[in-house]
Amino acid sequence: MRYFVFCKDQLIVPMPLGDGLRKGSGMESPGQVVSLFDTGILTWEGLPNDPMDVLKLAHRAHFRFENEEYCVLSLDQAEEGYFKKLAHIKVRELIGTLDSKSMALVIRAMAYANWSLVSNFCGACGFPLQEGEGEERLAKVCSNCGRVFFPRMSPAVIVLIHKEDRILL
């Protein structure tokens, strides 16, 4: 399983600062399109090394993309310790540097990271939610009433209807 680690709108990559990435920035080579599926540079293979136990406080979510399962770890803050030494990339700055499939994966991972940060309590009884298991692995389950919560994904479609050089709608 591959892991994404996010802190707010930044993706924390398993690469020290200065190894081809800048803190709070995208790829250094403008115009270069990188495929995450070829390089795997933006994800962690296995759980990241965490000498300070910061990940114990991380919110987690699992999701599937292209028949692969991923885990998202969402940190409230990563300014100290081990994660401070790694490259942080603002997701918006990845636009145009990744191929479309890789960008879709990163955006989906960020959506799950945000969902995991705000979905901590049951809307019915108020008890804490826990990671689901088995068939409910991609969801959160209430520790009291057993309700299952899945992230709400709202797909959008933008359409342009034109005839020759004119926009019709």
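# A walk from Thr43 to the pocket and cavity around Lys140

Start by selecting Thr43 and Arg2: their side chains make a polar contact of 2.5 Å. Keep in mind as you go that this is a predicted model. Thr43 sits in the loop between helix H1 (36-39) and strand S3 (44-45). Is Thr43 buried or exposed? Its relative accessible area is 3%, so Thr43 counts as buried.

**Zoom out**

Now show the whole protein as a cartoon. You should find 2 helices and 11 strands. Follow the chain from the N terminus and the elements come in the order β-β-α-β-β-β-β-α-β-β-β-β-β. Next, switch on the surface. The accessible surface comes to about 10500 Å², and carbon and sulfur atoms account for 51% of that. Of the 169 residues, 39% are buried. If you like to think in contacts, take the ones between residues at least 6 apart in sequence: 66% of them join residues at least 24 apart.

**The second largest pocket**

Select Leu57, Ala58, His59, Arg60, Ser119, Asn120, Leu129, Gln130, Glu131 and Lys140, and you have the lining of the second largest pocket. Two elements give two or more residues to this lining, strand S4 (59-65) and strand S7 (129-131). Which of them gives the most to the pocket lining? That's S7, with 3 residues. The pocket has a volume of about 170 Å³. Color its lining by residue type and you'll get 3 nonpolar, 4 polar and 3 charged residues.

While you're here, click on Ser119. This residue lies in the loop between helix H2 (100-118) and S7. Ser119 has a relative accessible area of 14%, which is under the 20% cut-off, so it counts as buried. Leave out residues up to four places away in sequence, and Ser119 touches Leu129 and Lys140.

**The cavity**

How many cavities of 30 Å³ or more does a search of the whole structure find? The search turns up 1. To see what surrounds the largest cavity, select Arg60, Ala61, His62, Trp115, Glu131, Gly132, Arg137, Leu138, Ala139 and Lys140. The space inside is about 40 Å³. For this lining S4 gives the most, with 3 residues. By type, the cavity lining splits into 4 nonpolar, 2 polar and 4 charged residues.

**Last stop: Lys140**

Lys140 is on the pocket's lining list and on the cavity's list as well, so give this residue a closer look. Lys140 is in strand S8 (residues 140-142). Is Lys140 buried or exposed? With a relative accessibility of 7%, Lys140 counts as buried.

Now look for a partner for its side chain. A polar atom of the Lys140 side chain lies 3.1 Å from the backbone oxygen of Ser116. Then bring up the wider set of contacts, skipping neighbours within four places in sequence. Lys140 is in contact with Arg60, Trp115, Ser116, Ser119, Asn120, Leu129, Gln130, Gly132, Arg147, Val148 and Phe149. To finish, put a distance label between the C-alpha atoms of Lys140 and Phe150. These two are 10 residues apart in sequence, and your label should read 6.6 Å.

Methods
Residues are numbered from 1 along each chain as its sequence is written. This is a predicted model: local features need pLDDT of at least 70, side-chain atom pairs count only at pLDDT 80 or more; totals for chains, interfaces and linings use all residues. Side-chain values use heavy atoms; hydrogens and water are left out. Helices (H or I, at least four residues) and strands (E, at least two) are DSSP runs, numbered from the N terminus. Buried means under 20% relative accessible area, exposed over 50%, partly exposed in between (1.4 Å probe, protein chains only). Contact means heavy atoms within 4.5 Å. Accessible areas come from the Shrake-Rupley method with a 1.4 Å probe; for residues, only the protein chains shown count as cover. A polar contact is a pair of N or O atoms within 3.5 Å; within protein, one must be able to donate a hydrogen and the other to accept it, and residues adjacent in sequence count only if both atoms are side-chain atoms. On a 1 Å grid over the protein atoms alone, a cavity is a set of points where a 1.4 Å probe fits but cannot get out, and a pocket is an open set with protein on both sides within 12 Å along at least five of seven lines; lining residues have an atom within 4 Å of a point. Grid points are joined across faces, edges and corners, and a volume is the space filled by probe spheres set on the points. Ala, Val, Leu, Ile, Met, Phe, Trp, Tyr, Cys and Pro count as nonpolar, Asp, Glu, Lys and Arg as charged, and the others, Gly among them, as polar.
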